[in-house]
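Please walk through this model with me, beginning at one loop position and working outward to the whole chain.

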Amino acid sequence: MRSRNRLGDFLVLLFLLLGSSLMVLPFLWMVLTSFKPFPELFELRFLPREPTLENYRVVLWETGFLRWFGNSLLVASLTTLSVLLFDSLAGYTLARLRFPGKNLVFILILSTLMVPTEMLVIPWYVMSAEKGWINTYWGLLFPGLITAFGVFLMRQFFETLPQDLFDAGRMDGLSEFGVFWRIGLPLVRPALAALGIFTFLGNWNAFLWPLIVVQTPEMRTLPVGIALFSGEAGTAWNLIMAASSLAVLPVLLVFFFFQRQIIEGVVLTGVKG
């Protein structure tokens, strides 16, 4: 039995190793290609023969990459802060307060999750044109300032907390917002961390809406800038790979430092009691 178990463990490990290798290989190829001079692109070599940082110098200083990077960082950061505040407030309200129509409001919020983003682009654009938000930071920001997924996530997490904690805070003289801020939020930090990470990464990688609402190169976000740059660069894949490698760095850093919070937030969200 032990030998069979060891054989099974070995086969599972081998299968996972092969699967992870297939997933990592394209990423590794991208990074290595970013260090190749242009003539080496047409050689069937995995490792660069003469590695160079010239591709990164060109991307950083001869394109609008730094401006695109800053735009994406600004939009993703502000959107994340807004989502954490307003979604947690809405989730707390729907989980801990009693008012007529509460369940109906929650169902209406959840129903918006069934609407594809592509169907919302036209009303977003019409509203942006009427308000003068085209090609502005506010135009980039407003569709993601509050999310139905975040409200659902925070509501589910707040419902797992004991009601006695909130009642004790009210008895001590805290206002309702004080109960939320001083008692509720510290207890839902795993959910806040998971929601913040998902929101940041989603806005960092957003492409469709920034492509539509942005009209000048200076307002482009990183995905839009790299996509249009790849068309302008033509066959200069070494430059495109260098830009893509730089763009993925924040995503890797977020996953590296916060992977525990992601798992903990997702797991504990479904736990009751």
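T235 is in contact with F38 and L41, once its neighbours within four places in sequence are left aside. The C-alpha atoms of T235 and L41 are separated by 9.4 Å, although the two residues are 194 residues apart along the chain. T235 itself sits in the loop between helix 12 and helix 13, the latter covering 237–269. With a relative accessible area of 51%, T235 counts as exposed, since the cut-off for that class is over 50%. The model described here is a predicted one.

On the N-terminal side of that loop is helix 12, residues 222–233, which holds F229. Is F229 buried or exposed? Its relative accessible area is 9%, so F229 is buried, the limit for that class being under 20%. Not counting residues up to four places away in sequence, F229 touches T63, W68, L239 and I240. Two of these partners, L239 and I240, have numbers that fall in helix 13 (237–269). F229 can also be placed relative to F65: the two are 164 residues apart along the chain, and their C-alpha atoms are separated by 9.3 Å.

Helix 3 spans residues 65–96 and contains S72. S72 is buried, and its relative accessible area is 1%. Which residues does S72 touch, not counting those up to four places away in sequence? They are W204, T221, L222 and P223. L222 and P223 carry numbers within the range of helix 12 (residues 222–233).

T80 is also placed in helix 3. Its relative accessibility is 9%, and T80 therefore counts as buried. The residues that T80 touches, not counting those up to four places away in sequence, are G196, T199 and F200. These three partners of T80 have numbers inside 179–201, one of the stretches that UniProt, in an unreviewed entry, annotates as "transmembrane region".

The next helix, helix 4, takes in residues 102–111, and F106 is found there. F106 is buried, with a relative accessible area of 10%. Leaving aside neighbours within four places in sequence, F106 is in contact with L94, F152, R155 and Q156. A distance to L228 shows how far the chain reaches: F106 and L228 are 122 residues apart in sequence and 40 Å apart in space, C-alpha to C-alpha.

N135 belongs to the loop between helix 5 (117–131) and helix 6 (137–141). What is the sign of phi at N135? Phi of N135 is positive, near 60 degrees, and the residue is not glycine. Most residues other than glycine have a negative phi.

The UniProt record gives a wider frame for these positions. Its unreviewed entry lists residues 69–258 for "domain: ABC transmembrane type-1". Over that stretch, residues 69–258, the chain is 77% helix and 0% strand, and the end C-alpha atoms lie 21 Å apart. The "transmembrane region" annotation, likewise from an unreviewed entry, covers residues 12–32, 68–92, 104–125, 137–158, 179–201 and 236–258. In the model, residues 12–32 are 100% helix and 0% strand, with end C-alpha atoms 29 Å apart. Residues 236–258 are 96% helix and 0% strand, and there the end C-alpha atoms are 34 Å apart.

Now take the whole protein. There are 13 helices and zero strands. The radius of gyration is 24 Å, well over the 19 Å that the globule rule gives for 273 residues, so the protein is more spread out than a compact globule. Along its principal axes, the C-alpha trace spans about 75 × 70 × 35 Å.

Of the 273 residues, 38% count as buried. Among contacts between residues at least 6 apart in sequence, 71% join residues at least 24 apart. The protein exposes about 16,300 Å², and carbon and sulfur atoms supply 71% of that area. As for charge, there are 19 positive and 17 negative charges, and their mean positions are 9 Å apart.

Terms used: Residues numbered from 1 in each chain as written. Predicted model: local features only at pLDDT ≥ 70, side-chain atom pairs only at ≥ 80, totals over all residues. Heavy atoms only, no water. Helix = DSSP H or I, 4+ residues; strand = E, 2+ residues; numbered from the N terminus. Rg over C-alpha atoms; globule rule 2.2 N^0.38 Å. Buried < 20%, exposed > 50% of the residue type's maximum accessible area, 1.4 Å probe, protein only. Contact = heavy atoms within 4.5 Å. Areas by Shrake-Rupley, 256 points an atom, 1.4 Å probe, with all protein chains shown as cover. Lys, Arg positive; Asp, Glu negative; His and termini not counted. Charge placed at Lys NZ, Arg CZ, Asp CG, Glu CD. UniProt positions renumbered as here; feature names shortened; annotations may be inferred.
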